[in-house]
Amino acid sequence: MHPLLQFATRNSDKIETLIRDLVECESPSDSPADVNRLVDLLIENTRDIARAKVVRAKTFGRHLLLDFKIGRRKKQGRILGLGHSDTVWPMGTLASMPFRQADGRLWGPGVLDMKAGLAFFVCAIRCLHELDIPVRRQLSLLVVSDEEVGSVSSRPFTEAEAKRSDCVLVVEPGTGLTGKLKTARKGIGNYRIRIQGRASHSGIDFEQGASAIVEAAHQVLKCAALTDLRRGTTINPGVIRGGTRSNVVAAEAEIDVDVRVVRTSDAARLDKRLRALRPVDKRCHLEVTGGVNRPPMERTRAIASLFKKAKAIGADMGLTIEESSTGGGSDGNFTAALGIPTLDGLGAVGEGAHAANESILIEPIPSRIALLAALLSRL
């Protein structure tokens with residue numbers, strides 16, 4: 001057995017304990033104090049091997065940068081690990097979804113997305129430290145506090161740290177129950193279409209009204225027609241609001257639209273078409289706001305090369321490493337869009353992110369940590 005895999009297997013109990021500690025430290029995005037408790041827990045668990053820097057955010061918990069103190073020779077360059085401390089689960093979820101081990105899995109809110117991934121990175125560093133494996137580059141881990149709600153406060157910090165790095169390794173979950181790495185992610189946009197109509201009594205002055213709801217129905221169909229599955233572009237009018245009472249012709253309505261694109265050029269093209277929408281009923285007025293807030297992570301040559309190295313490193317350890325693309329976004333979208341080679345999906349293998357069945361498979365844990373440690377030492 002490869003030494004790194006052997007070490008991770010031998011320390012499985014310690015790894016699972018750290019995962020449990022992180023999961024049981026609930027950290028919803030909208031509770032800065034609780035996110036800060038998780039940050040403090042990570043600092044405490046790495047105090048002997050890392051220098052910690054915290055960055056305060058106005059309405060979110062603190063962002064954390066860990067610079068690891070391992071290896072004795074002078075470093076050339078830097079590898080940045082990337083993850084997030086916040087989860088989608090409200091405080092108190094543990095009461096109905098307690099951390100537990102059953103059916104070959106670890107269960108609990110945030111265990112897959114992405115407390116286990118954070119634990120994996122820390123444990124990979126410990127593998128290198130305890131086995132005294134040399135590293136060529138400075139190893140750092142950035143943990144942001146607002147990824148699940150758009151990374152508004154952390155994006156500048158993430159981009160600045162990425163620009164100081166040779167590559168970025170994202171410890172979000174792998175794809176599917178084989179844990180495929182992610183070499184491409186769709187870009188994500190959120191738009192709101194506001195419609196101003198004209199109110200009237202639906203029985204007495206029906207003709208005097210201009211229904212914002214009827215106009216919204218037209219615009220929903222126009223938006224949906226922009227979907228192009230061949231190009232990987234999807235437009236989902238996911239929320240519609242409007243009107244006051246059934247006997248009043250609606251004066252106002254709005255539509256929230258989710259947009260996913262594979263290419264940056266598609267994002268610009270789609271943005272232009274959405275902003276060019278015009279009312280069917282000329283008595284109504286449209287206002288389109290929003291835009292693409294996560295650029296696509298396109299599979300560039302640099303990303304493909306990084307995956308090729310990971311695949312070869314995995315093969316040396318007897319692991320089969322595969323790649324995938326996904327419609328979901330991560331902070332890796334930001335780093336890849338800057339041209340920094342980015343490899344995503346290096347975290348846990350499991351299913352049920354954001355769902356009641358959130359869980360990770362126990363069996364792959366040592367191999368995922370060993371792969372991550374090998375990447376950190378050999379890239």
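Start with the whole chain in cartoon view: you should find 10 helices and 18 strands. Helices here are DSSP runs of H or I with at least four residues, strands are runs of E with at least two, and both are numbered from the N terminus. This is a predicted model, where local features need pLDDT of at least 70, side-chain atom pairs count only at pLDDT 80 or more, and totals for chains, interfaces and linings use all residues. Residues are numbered from 1 along each chain as its sequence is written, and side-chain values use heavy atoms, with hydrogens and water left out.

Still zoomed out, the C-alpha atoms fill a box of roughly 85 × 45 × 40 Å along the principal axes. Of the 379 residues, 54% are buried; buried means under 20% relative accessible area, exposed means over 50%, and partly exposed is in between, using a 1.4 Å probe and protein chains only. Contacts are heavy atoms within 4.5 Å. Among contacts between residues at least 6 apart in sequence, 79% join residues at least 24 apart.

**Stop 1: a sheet and its helix**

Select 187-196 and 252-261, which are strands E9 and E13; they run antiparallel and are joined by 10 bridges. Two strands count as paired if DSSP finds at least two bridges between them. For one bridge to click on, take Gly-189, whose partner in E13 is Val-259.

Now add the rest of this open sheet, which has 4 strands in the order E11-E13-E9-E14, with antiparallel pairing. E11 (234-242) and E14 (285-294) are the edge strands, and each has a single partner, so one side of each has no neighbour in the sheet. On average, neighbouring strands are turned by 15° against each other, direction ignored. As background, strands of a sheet pair through backbone hydrogen bonds.

Next, show 264-275: this is helix H7, lying across E9, E11, E13 and E14 and running at about 165° to E14. Axes are lines fitted to C-alpha atoms, for helices over the stretch in contact, and angles run from 0 to 180 degrees between N-to-C directions.

**Stop 2: helix H4 and the loop after it**

Select 111-130 for helix H4, where 17 of the 20 residues are buried. Show the backbone between Asp-113 and Met-114: the peptide bond there is cis, with omega about 0°. Met-114 sits in H4. Most peptide bonds are trans, and most residues other than glycine have a negative phi.

That second point matters for Asp-132, just after H4. Asp-132 is not a glycine, yet its phi is positive at about 55°. Look for Asp-132 in the loop between H4 and strand E6 (138-144), where it is partly exposed at 45% relative accessible area.

**Stop 3: another positive phi**

Jump to His-354, in the loop between strand E17 (350-351) and strand E18 (359-361). His-354 has a positive phi near 70° and is partly exposed, with 43% relative accessibility.

**Stop 4: the cavity**

Finally, select Val-23, Glu-26, Ser-27, Pro-28, Thr-87, Trp-89, Pro-109 and Lys-115, which line the largest cavity. A cavity is a set of points, on a 1 Å grid over the protein atoms alone, where a 1.4 Å probe fits but cannot get out; lining residues have an atom within 4 Å of a point. The count is 1 cavity of 30 Å³ or more, and the largest holds about 30 Å³ of space.

Definitions and conventions. On a 1 Å grid over the protein atoms alone, a cavity is a set of points where a 1.4 Å probe fits but cannot get out, and a pocket is an open set with protein on both sides within 12 Å along at least five of seven lines; lining residues have an atom within 4 Å of a point. Grid points are joined across faces, edges and corners, and a volume is the space filled by probe spheres set on the points.
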